[in-house]
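Grab the viewer and work through these exercises one at a time. Each solution goes step by step, so cover it up until you've had a go.

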Amino acid sequence: MIQIHTEKCIGCGLCAKDCIAENIVIRDNKAQAYFDCFLCGHCAAVCPQGAITIPEYDMDDVQDYIPENFALNPEKLLSAIKFRRSIRDYTNAPISEKEQQALFQAGRYTATAKNTQGCRFIFIQDRLPEFKELIWNGIGAKLDAPGETSELPEDFRRFYRTHRRHPEKDYLFRNAPAVMVICSSNPVDAALAAQNMELMGVSMGLGALYNGYLTHAIRSLPGIRTWLDTEDKTPQVTMLLGRPAITYARTAPRRQADIIIR
Ligand SMILES: Cc1cc2nc3c(=O)[nH]c(=O)nc-3n(C[C@H](O)[C@H](O)[C@H](O)COP(=O)(O)O)c2cc1C
């Protein structure tokens, strides 16, 4: 539950005004909270006095708003969005601890429906060879099973055949040094986190590939979810990650946006 430190509270009412749960009222010039809410943290963020804390969270992690630090430049942001590409060729440079942490922070701070903060971020780098083997062996076992009526998309047969003949041609993992699997009960939460993580990656010179086929394999092959430790969270997004071994000279062309303005 949120804690209001009344000695600091000046009764300005900003917290009550911004509280989506209508959990806060101002009485005798002090804010009061009544029940357990979903702890969105808006009250703590908006309070000019820093009078609200939430014991469930690490309050040392909270930063003060300094406009220069948070201002986004629209041209630069749009450029980053336009120039990000799906990367299908990587250098073998691993993703450093510092970069990993920055990616996790970008995912962690992303909005989640009802503030569930329920995404699990599974980062595979050190044990990637083992993971790749599990996936490819799993695909092989499914496709080779007698009378196999696989729930794997038809493309997997081609991927598997090519990979068996030419192991360096790996349409699932490419040559990425790392893979991130984002699990959540809500696919939108995972997708939003993934996009923020990709943009964070781009800002550090990394590239990513959202890999729908790999998500499919992770969901449908036996034993993979246990290996990953997804528990009851559904793998929603799988991203290859690494340093691009390719440079694009320009943005990729796009159709006009399908927009309706009423
Ligand atoms: C949900 C999703 C799943 C995707 N799955 C794959 C995939 O399995 N393999 C692949 O090579 N590309 C995959 N892509 C990448 C798209 O093909 C790519 O985003 C699209 O062609 C546009 O290119 P760009 O990302 O460079 O702008 C996926 C993209 C999204 C958003």
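In which loop, between which two strands, does Asp-28 lie? Asp-28 sits in the loop between strand E2 (24–27) and strand E3 (30–33). Helices (H or I, at least four residues) and strands (E, at least two) are DSSP runs, numbered from the N terminus.

A quick note on ground rules: this is a predicted model, where local features need pLDDT of at least 70, side-chain atom pairs count only at pLDDT 80 or more, and totals for chains, interfaces and linings use all residues. Residues are numbered from 1 along each chain as its sequence is written, and side-chain values use heavy atoms, with hydrogens and water left out.

**Exercise 1. Look at the backbone and surroundings of Asp-28 and Gln-117.**

Step 1: recall that most residues other than glycine have a negative phi.

Step 2: check Asp-28, where phi is near 50°, a positive value in a residue other than glycine. Gln-117 isn't a glycine either, yet its phi is positive at about 50°.

Step 3: place Gln-117, which lies in the loop between helix H5 (97–108) and E5.

Step 4: check accessibility, where buried means under 20% relative accessible area, exposed over 50%, and partly exposed in between (1.4 Å probe, protein chains only). Asp-28 has a relative accessible area of 77%, so it is exposed. Gln-117 comes out at 41%, so it is partly exposed.

**Exercise 2. Stay in the H5–E5 loop and find what Ala-113 touches.**

Step 1: locate Ala-113 in the loop between H5 and E5. Its relative accessibility is 36%, so it counts as partly exposed.

Step 2: list its contacts, where contact means heavy atoms within 4.5 Å. Leaving aside neighbours within four places in sequence, Ala-113 is in contact with Asn-186 and Asp-189.

Step 3: compare sequence with space. Ala-113 and Val-188 are 75 residues apart along the chain, and their C-alpha atoms are separated by 8.2 Å.

**Exercise 3. Work out how H9 packs against H6 and H7.**

Step 1: take helix H6 (residues 128–144) and helix H9 (residues 212–220), which pack at an angle of about 75° with axes 10 Å apart. Axes are lines fitted to C-alpha atoms, for helices over the stretch in contact, and angles run from 0 to 180 degrees between N-to-C directions.

Step 2: classify the angle. Under 35 degrees counts as roughly parallel, over 145 as roughly antiparallel, 65 to 115 as roughly perpendicular and the rest as oblique. H6 is therefore roughly perpendicular to H9.

Step 3: pick out the residues. On the H6 side you'll find Phe-131, Ile-135 and Lys-142, and they meet Leu-214, Ala-217, Ile-218 and Ser-220 in H9.

Step 4: repeat for H7 and H9, which pack at about 95° with their axes 12 Å apart. So H7 and H9 are roughly perpendicular to each other too. Asp-155, Phe-156 and Phe-159 of H7 make the contact with Tyr-213, His-216 and Ala-217 of H9.

Step 5: look at H9 itself. Leu-214, Thr-215, Ala-217, Ile-218 and Ser-220 are buried there, and the buried residues of H9 pack against H6, H7, E6, H10 and strand E8 (235–242).

**Exercise 4. Track down the largest nonpolar core.**

Step 1: know what you're after. A nonpolar core is a set of buried Ala, Val, Leu, Ile, Met, Phe, Trp, Tyr and Cys residues joined through side-chain atoms within 4.5 Å.

Step 2: find its hubs. The largest core has 28 residues, and Phe-131, Ile-135, Ile-139, Leu-172 and Phe-173 have the most contacts inside it.

Step 3: see who contributes. Strand E5 (120–124), H6, helix H7 (155–165), strand E6 (178–183), H9 and helix H10 (224–228) each supply at least two residues. H6 gives the largest share, six residues.

Step 4: zoom in on Phe-173. Neighbours within four places in sequence aside, its contacts include Leu-128, Trp-136, Val-179 and Leu-240.

**Exercise 5. Compare Tyr-160 and Thr-162 in H7.**

Step 1: Tyr-160 is in helix H7, and at 14% relative accessibility it counts as buried. Thr-162 is found in H7 and is buried, with a relative accessible area of 17%.

Step 2: not counting residues up to four places away in sequence, Tyr-160 touches Trp-136, Ile-139, Gly-140, Leu-143 and Asp-144. With that exclusion, Thr-162 touches Lys-169 and Tyr-171.
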